Amino acid sequence: MSTLIILVVLVLLTIPPTAGLPGVPALLSLGLQVLCSLPRTRRLRGWWLVAGQAVLFAWAGPVPFGGPSAFFAASALLVARGPLRWVLLACVAAAAGLLNLGADPYVWVNAVGNTATQGLVVFALTRLSDLRDELHATRAELAARTVAEERERAGHTLETVLGSVLSGVIGLAAAGRAEEIPPLTRQAAQQARRRPEPAPMPPVGDLTPRLAVPILTVVYLWVPVAAIIVVARAQVPVGLRVAYWAAVLAVVALQAYHALPRTPGTWPRHAAWTLPAQLVIAWLPLLEPHRPYYQLVGWAAAALLIVIPSWRIAWALYAVVVGSVPIVLVIRYGSLAGVPAALLEVGGMSAMFYGLTAVTRLVYQVRESRLALAGLAAARERRRIAQDVHDLIGYCLSAITVKAELAARDPARAEAELAGIVTVARDALADLRAIPGEREPALRLRSELDSAREILEASGATVRIDTGPPPEGADDALLAVVVREAVTNVLRHSQARHVTIVLSADDDQVRLRLTNDGVTNNGVTNGGVTDDGLTDDGVTGRTVEPGQGVANLAERLAARGGRLTTTSRGGHYRLEAALPVRDGGRPA
């Protein structure tokens, strides 16, 4: 869309306001400007382009309406950098004035003003279009940078909060101070279960050219100045002249208000009366008894396209408003003599001001899309890290707590349990440092089953594990996570005396089931998801929301095409995970 807007504006700036045909220099200048203004050809921009536009500008001679002089100015702005850019703009505008120096003073002023403002418009449209493409092309880069910063922040937080706790646990275990470990690990487990706070979005740089506002200000000021000069030269009574000037200022002010940035698809406040007011004020000069000043209609027509969200309604009203100009002229003068020129001026005005606003809005939309994608990527990464911390580190902390309590109660087993605590804590530290990275912590089902037996038996439960080797294609790491979460639930939410873990498989599905007794109300509240996604307290039959751990696990399984169900009845709890084994553990 931005490319189409640029092309329309360039073509309209090339056609003389007398509705005559543009000369050869003007057409060649248009071709060169198209070459350097389109986003896909911007690599061709260079000083050769400025030199070519300078030659065509000199060839075209005095052209007070802009055209070649405006394209010369725009090319200089696009190619030059720093203060030189503005020096060249001033020189081109002055040269346009010198070429028209022998004409009427108004023509001279018009040549200078049109060269500068039209050059600025073309420059602004081109740079905004470039920026839109640049932002669109770097959406993935911003998302990747945001994820990297989220990982760095999470890694620092995890090392500060949980890493220090695990290091402290190792030190306490080495010193034989088992009784001091459980309070430390329980507090750390609360930290592991807590969702991390969202980080502020990283700075994304300047999202619109720094000169956009000054350029718009110059353009918005020049057009009313030109209109005031036109009215001052007209042979009309003083009162009517003042009314003209008031109308010009009112239309420009309302246009600036309507063009203010806003959420796409929404109306400006009070637009229900400001837009009709602008249309009426812009259209009334067509009825005055002297030469109609119809340029204001171009502003109002642009406002229709800017303000009205419905594309069809906006363009239908635009056609009615612009079409009213030739109708009024024909009725008043009885001929078509001035109709083409009027349509070109009105169309040129509306194209410029609608184009500036529309392309700016496109930049805004791409900016918002870019930020939204980055925010979504960061949120996904934050959730992934929180899941891994909960599922991986939570289990280790529970295991350390059980071993520390056992070591404190049974001096005969203290040495062995403290050595086990050091091993578990070191493994947890390794997992903790791997979590923020791109590589997932390495988990194996067989190792987790052996660890589950050891820690559950240490807690006083009788454990029966009935498994064979996982079928080929099963997601071994995910099944290991299921075991970790299930055992963590047993340790945290029950006083289990009997635990059974069964792994079974058929042609296309593997099932892992854990059952245990000793369930408490609190345990179930934080425990299972039933077939309808809710939990049951096992005593009163009331349903409550599932806990984070099981919800995390259900989400992990669903992402692989699997399903998690949990039930609790009569003090017994069952967790069952079903997972496809086709295509490496993912659904075919």
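Start with the whole chain: buried residues make up 50% of its 588 residues, where buried means under 20% relative accessible area, exposed means over 50% and partly exposed is in between (1.4 Å probe, protein chains only). This is a predicted model, in which local features need pLDDT of at least 70, side-chain atom pairs count only at pLDDT 80 or more, and totals for chains, interfaces and linings use all residues. Residues are numbered from 1 along each chain as its sequence is written, and side-chain values use heavy atoms, with hydrogens and water left out.

Switch to cartoon and you'll find 20 helices and 7 strands; these are DSSP runs numbered from the N terminus, with at least four residues for a helix (H or I) and at least two for a strand (E).

Now colour by pLDDT, the predictor's confidence in each residue, from 0 to 100. The chain average is 79, and 86% of the residues score at least 70. Confidence peaks in strand E1 (residues 462-466), at a mean of 92, and bottoms out in strand E5 (residues 543-544), at 34. Select 522-547 as well: the pLDDT there is below 50, yet the stretch has 51 contacts in the model beyond near neighbours in sequence (a contact means heavy atoms within 4.5 Å).

Next, select helix H5, residues 83-99. Its 17 residues should span 24 Å at 1.5 Å a residue, and the end C-alpha atoms are 25 Å apart, which agrees; the expected span is 1.5 Å times one less than the number of residues. Show side chains for Arg85, Leu89, Val92, Ala93, Ala96 and Gly97, which are buried. They cover an arc of only 140° around the axis, so they sit on the same side of H5; the arc is taken from the directions from the helix axis to the C-beta atoms. What do the buried residues of H5 pack against? Bring up helices H3 (47-60), H4 (68-79) and H6 (105-137) to see these partners. On the face turned away from the buried side, look for the exposed Pro83 and Leu98.

Stay with H3 and H4 and pick Phe57 and Phe72, a tilted aromatic pair with 5.5 Å centre to centre and 40° between the planes. Rings of Phe, Tyr and Trp (its six-membered ring) pair if their centres lie within 6.5 Å; planes under 30 degrees apart are stacked, over 60 edge-to-face and the rest tilted. Phe57 lies in H3 and Phe72 in H4, 15 residues apart, and both are buried.

Last stop: helix H13 (residues 311-333), home to Trp315 and Tyr318. Their rings meet edge-to-face, 5.0 Å centre to centre with 70° between the planes. Trp315 is partly exposed at 34% relative accessibility, whereas Tyr318 is buried at 14%. Add Trp311 to your selection to see the cluster that ring pairs make of Trp311, Trp315 and Tyr318.
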